[in-house]
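Welcome! Please take a moment to look over the sequence and the 3D view, and then we will walk through a few places together.

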Amino acid sequence: MNQTIKRVTHIVLCGLVLLVMTGPVGAEENGLLGTTGSVERISTVYSGGMANGIHSALPLNDFDAWKKNLTADEKKLPSAILVLTSPPDKVPKGFDIQKVKKGMNTQNQLRKKGESDLVHVYIQVEPGYSTSMLDPVVTEVVARDEAHHRIAAWIDLSKSRGISKMKGVQLITLVSPPRSSTGSVTTEGDAILHSDLVRGGGSPTGEGIKVGVISDGINSLADAVVTGDLPADVQVLSDDYIGDEGTALSEIIHDIAPNASLAFADWADDEISFAQHMQDLADAGCDVIVDDIIYFSEPAFEDGVIAEKADELYASNVLMVSSAGNEAYGHSIGPYTPLEETTWHDFSSVGDASIAPTPDNPYLYAKVEPGQYLIAVLQWDDKWGDSGNDYDLYLVNLSNEEEEFLDYSINAQTGFQNPFEITYFGNDGNEPVDVGILVDKWNGDVKTLDVYLFGTYDIYTNNLVPASSIYGHACSEGTMGVGAVPVSDPDTIEWYSSHGPRPISYPSVETREKPDITATDGVLISGAGDFGYWDGSNYRFYGTSAAAPHVAGIGALLWSIDPTGLSASRIREAMTSTADDLGAAGYDFVYGYGRVNASAAYQTLPQPPTADFLATPTSGTAPLQVFFTDQSTGSPASWAWDFDNDGITDNTTRNASFTYQTPGSFTVNLTVTNTAGSDSEVRTGYIIASEGITVVAPNGGETFYLGGLLPMKWTYTNSTGSSVNIEVFRNGTLFRVIPSVPIGSGGSGSYNVTIPSSTPPGTDYTIRVVSASTPSYFDTSDGSFSISVPTITVMAPDGGEHFTLGNPLPFSWTFTGNPGPTVNIDVLRGPAILKTLVGIPAGSGGFGSYTISTIPYNTPLGGNFTIRVTSTTYVSCTDASNGEFSISGPTITVQAPDGGEVYPLGSPLLMNWTYTGNPGPTVNIDVLKGNIVLKTLPNVPIGSGGSGSFMVPAIPSYTPLGGDYTIRVTSTNYGPCTDTSNGNFTISAA
């Protein structure tokens, strides 16, 4: 063949294709010669991607069987913990332990502490049990919610099963960070297609909508649940095939519509079963169904059983979405044209306008490398099941002179067969093979031929026709066929994304506008089951298979605005009418209506309002006039105000005022409505109308301390009686009542109470002062005040100080509140307590101090000392030095004799020294000759002011002469405090 032919690499993308042929049939009839031989039934699935990877062969139903065998106590634990605490032979093959740990680490659910693995969990106890029962068995309590009977805590992984067996423990679940609920990765299409903007306000999120997915398999669902990329409640109707493209599709939908429910069904064995799976998903309540499947034998020129089912479901209000296919550069279409005087079809007669026709190369051509394969499919525009025009399909080896047939499909079409032929070639050799794809007209009329090439081959560009390369149920009227643009260049169509239009011949001739819309591919996925293309850092998902779930997810997101009021057709119209126009202006057969824009579509849909309002003032003396301002969003059309929540509408204007004639606490209810629905905002006890009493203090923001005073003040007017009851509230709940307090005089009153040490600290306290004789006269603090444990702050030593043995060691601290009469002072060396001074007076006026008069000489030396001062009344009232201080010993330095001096016998010998710190009152002076003590002068006074001296009046005549004398001065209290002459001195003859 002509070696100037161009070629491009054709790779199987993630759009899945099913080859289903039923038998028994012979090899010639089914068109699968070469390596296959005769078969009775072929049901082969070909799937792939930019980097298809090797899908793990997971045992079917292994996960289900494992789950069914869980004990009651094990069911209290999350699957990740069960997997990590199970013997290796008990872990189901659906779990990858390393991925489980990786996912938990990423979400801050697993950490190391020493030799232990700690997991971050919620532990729920049954009503009637206190969460304090868990304190001895957890490593760290992070938060406690006694009202709802649970704690968040770090627990030792090895103790988790034991905790689950404790009486009263109801459930243990993993804690997930604030994290918005999308897993380890999020598709970049979420931002490019603006679905993140739709979710930005927190609504909609897909709530109330269910999406069904049909693909090869969802084998690694459990792994995707552990990493947070899929929810745990995905409904699996069937998963009988090996694969994880369904996992990837589901992840993209969950990224975009995180609160939508998900269901999955596999691709089935045949078109009838596939259509039934579509119906099964609809029967399971799916509002949206998306697939990325094409059967080779789906009719190209009419609607088959799957397309008919799609139309039926769309008519019953199910939004149908399918991938457009990846065959733009693996396709040719055009009328049969004989080559010269033969019956072979001349493919060069119909080349793409952008590719010059090549009459010297009249066929389609592919290079199949060793290990690659090629599938060629031929259809023509006869009615399915009624073809009397006979065309045949051949694969020819063009790499040798013989040009032998590699495979051929020569089914007879005599008036009731399908206009369909299929061939296959797999290169099991060691050399590449150039393959020619040929069509021969056996007999009959001239028809339009539609040829598709699938596989892992390299395609030569000669005679290819991207136009009309979309076929199957993605072309049905009821289905949105989705093309693909890459996330790296979202304004440009992927080269392989199938083009329209789709010519239809039966039941009548028409040209369908396909694809409908375009979305992104090449997006991030988790890689569960090793599915996807590994780019060196992440798994990515390519092909129109990746684009379709973006449209399905956006459809679910938009529909959740009003699940009962909107419809599949309205959602479809919103997406197509607002798509970002790409390519030729308006609709075109490459991009459809353009790239889907979720935010623009959202703006076209009616949205229920969200009720909100503001009142001024919210408290005061009755009669109290209050002005209400509507702050609702979503363009309400009507308002209904119930100012006292008695079920009677008091006002229907947008903004209103109301006068509360009698004292009391009033609940306000605003209901707003528009064509999409209604919403109510109810605020309990929002308006307080009182008479005669106003709380002055505490009125919000104050802090008081246990053991200290809580001063309460109020003013009053009118006839409020002679006494009041003071009610103390904690978090809105009555905590204590102080009855019959005198109301005061001259319009003001006050009362002080010492806060008991048993009072729980908190920031949510208020008081209410109520007339004892007229309870309708009352007032409450405008804001919350705090009750705290007293605090102690160490002032000295606080880091960097230096002290010496024998000298004082002063301590000082400040305090707030009343820490009690005494404190304990711990002197620490590193983390260990060296000494505790107990019962030290706490001090007065917010300041305390204590001094150790003399640091004992047996105290270890070092720079790692701190102190800790702790109230003996409140153990949590404590503080330690911010930094370390040091303790060193005193020093002595010999000044004379210090080397080189000469003293004759009978002359005086003056010895002097300096010292630092407090070496004690006396020293011993050793006179050494050589290294031997010649004489010791004991208990010589140390001296004063940092220096001392001693005089030998006359060196005795019997003293040995020599030049090797030194002296050594040593503290009698602290032996390490010593020094020796730096050099020798001499005693000579008189």
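In which strand is serine 215 found? Serine 215 lies in strand E9, which covers residues 210–215. Keep in mind as you read that this is a predicted model.

## A buried serine

Is serine 215 buried or exposed? Its relative accessibility is 0%, and since buried means under 20%, serine 215 counts as buried. The side chain of serine 215 also has a partner: a polar contact of 3.0 Å links it to the side chain of aspartate 292.

## How confident is the model?

Across the protein chain, the pLDDT averages 86, and 89% of the residues score at least 70. Two stretches deserve some care. For residues 1–61 the pLDDT is below 50, and in the model this stretch has 183 contacts beyond near neighbours in sequence. Residues 177–183 also have a pLDDT below 50, with 11 contacts beyond near neighbours in sequence.

## A four-stranded sheet

Now find the open sheet of four strands, whose order is E15-E22-E17-E20, with antiparallel pairing. Which strands form its edges? They are strand E15 (331–335) and strand E20 (420–426), each of which pairs on one side only. From one strand to the next, the twist averages 15°.

Let's look at one pair in this sheet. Strand E15 and strand E22 (residues 448–455) run antiparallel and are joined by five bridges. Here you can spot histidine 331 standing opposite tyrosine 452, which is in E22.

## A covered helix

Next comes helix H12, made of the 16 residues 544–559. How far should H12 span? At 1.5 Å a residue, the expected span is 22 Å, and the C-alpha atoms at its ends are 23 Å apart, so the two values agree.

Helix H12 is mostly covered, too: 16 of its 16 residues are buried. As a general reminder, an α-helix has 3.6 residues a turn, so residues three or four places apart point the same way.

## A glycine with partners further along

Our last stop is glycine 863, in strand E53 (residues 862–871). With a relative accessible area of 42%, glycine 863 is partly exposed, because that class lies between the 20% and 50% cut-offs.

Which residues does glycine 863 contact, leaving aside its neighbours within four places in sequence? They are Glu884, Phe885 and Ser886. Glycine 863 and phenylalanine 885 are 22 residues apart in sequence, yet their C-alpha atoms are 5.7 Å apart in space.

Definitions and conventions:
Residues are numbered from 1 along each chain as its sequence is written. This is a predicted model: local features need pLDDT of at least 70, side-chain atom pairs count only at pLDDT 80 or more; totals for chains, interfaces and linings use all residues. Side-chain values use heavy atoms; hydrogens and water are left out. Two strands pair if DSSP finds at least two bridges between them. Helices (H or I, at least four residues) and strands (E, at least two) are DSSP runs, numbered from the N terminus. Axes are lines fitted to C-alpha atoms, for helices over the stretch in contact, and angles run from 0 to 180 degrees between N-to-C directions. The expected span of a helix is 1.5 Å times one less than its number of residues. Buried means under 20% relative accessible area, exposed over 50%, partly exposed in between (1.4 Å probe, protein chains only). pLDDT is the predictor's confidence in each residue, from 0 to 100. Contact means heavy atoms within 4.5 Å. A polar contact is a pair of N or O atoms within 3.5 Å; within protein, one must be able to donate a hydrogen and the other to accept it, and residues adjacent in sequence count only if both atoms are side-chain atoms.
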